[in-house]
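User: Please take a close look at one strand in this model and at what surrounds it. Short sentences are fine.

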Amino acid sequence: LMKKSPKKKKIYLASFFIALFLFVLAGCGQKAQNIPAKRVTVSLTHTKTIPTFFFHGWGSSANAETQMANAAKKVGVSNTIIQADVSKNGTVKLKGTIPKNAKNPIIKVNLEDNQSGKTSYVKDVITAISNKYHYAKINLVGHSMGNLQIANYINENYDNKKLPKINKVVSIAGHYDGYLGEEAGQKAKIKNKKTGEPDIYSDGFKQLLPLRKHYPRQIEVLNIYGNKEDGSNSDGSVSVASVQSYKYLINGRAKSYREVEIKGKNAQHSKLHENKEVDKLLIDFLWKE
């Protein structure tokens, strides 16, 4: 057998190392190509989760939302609660973070300006959360004035495709046709139970009438109201008729609509957000199929 010359050995060795270098380089290139795909997958995890925003009533704060939020966390349907503080000029500061694997995160909204009822605050906080976490769908829960802010937000932004779609809405003690301190809120009655139309329209109700034409059809609605059963046919602040008038504004457009009456002393206006019966209704409607 002929022995390979030293020159040929060098050529073979050089070829071997070049081939090995190209093989390793190709492997590194393949790994580098996979990195963006992994990053995209991680960022999309939030689109599979639906956060729930809680909006408090007039003169109130996020404290009014604590009982309901904690009840959800206690039974395990949510594992994350953060607070969003909204300043008078609409600046949003988040207390806490939502991890990538969060289960049904809850955002307790706290309005510094808690008496104006400005609709823009709802948009400000939804935009702030959406820009950071990129949610495709959201749930909205309101108590008292918070419901009017939510309803006006829908009325003003129903066709804004840059905002996340609303999945479910829970209305608690919403004075859509005025509160007991207003004429309509005191005197209005539901003249048509089938449609929910009241016989007197408050100014706030008139402002929301366009909802009848464009209330989003994908929204499921739970409308909770209190009746102290003391002869007032109200929760002490809002009449049953005023709450029920929401049905007329929705105009049969919602994916589903349900009204639930809470009775007795614990059905008082401010006690509704501390009511265990309300907690269960919320949990079942929002998170249990």
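**Strand β4 and its surroundings**

Analyst: Strand β1 (residues 52-55) runs parallel to β4, and the two pair over three bridges. One contact point can be named: Thr52 has Ile106 of β4 as its bridge partner. Keep in mind that this is a predicted model.

β4 also pairs with strand β2 (residues 81-86). The sense is again parallel, over six bridges. Here Asp85 is matched with Asn110 of β4.

Now β4 itself. The strand spans residues 106-111, and six of its six residues are buried. In a regular strand, side chains alternate between the two faces of the sheet. In β4, both faces are covered. One side carries Ile106, Lys108 and Asn110, all buried. The other side carries Ile107, Val109 and Leu111, also all buried. Buried here means under 20% relative accessible area, so Lys108 and Asn110 fall below that cut-off along with the nonpolar residues of the strand.

Next, the contacts of Phe53. Beyond its neighbours within four places in sequence, Phe53 touches Ile107 and Val109. Its other contacts are Val125, Ile126, Ile129, Ile138, Asn139, Leu140 and Val141.

Phe53 also belongs to the largest nonpolar core, which has 38 residues. Phe53, Leu140, Ile154 and Tyr215 have the most contacts inside that core. Helix α3 (residues 120-133) supplies its largest share, six residues. Another core, of 24 residues, lies apart from it. Ala71, Val141, Leu222 and Leu281 are among its members. In soluble globular proteins, nonpolar side chains tend to be buried together.

How values were computed: Residues numbered from 1 in each chain as written. Predicted model: local features only at pLDDT ≥ 70, side-chain atom pairs only at ≥ 80, totals over all residues. Heavy atoms only, no water. Core = buried A, V, L, I, M, F, W, Y, C linked by side-chain atoms within 4.5 Å. Buried < 20%, exposed > 50% of the residue type's maximum accessible area, 1.4 Å probe, protein only. Helix = DSSP H or I, 4+ residues; strand = E, 2+ residues; numbered from the N terminus. Contact = heavy atoms within 4.5 Å. Pairing = 2+ DSSP bridges.
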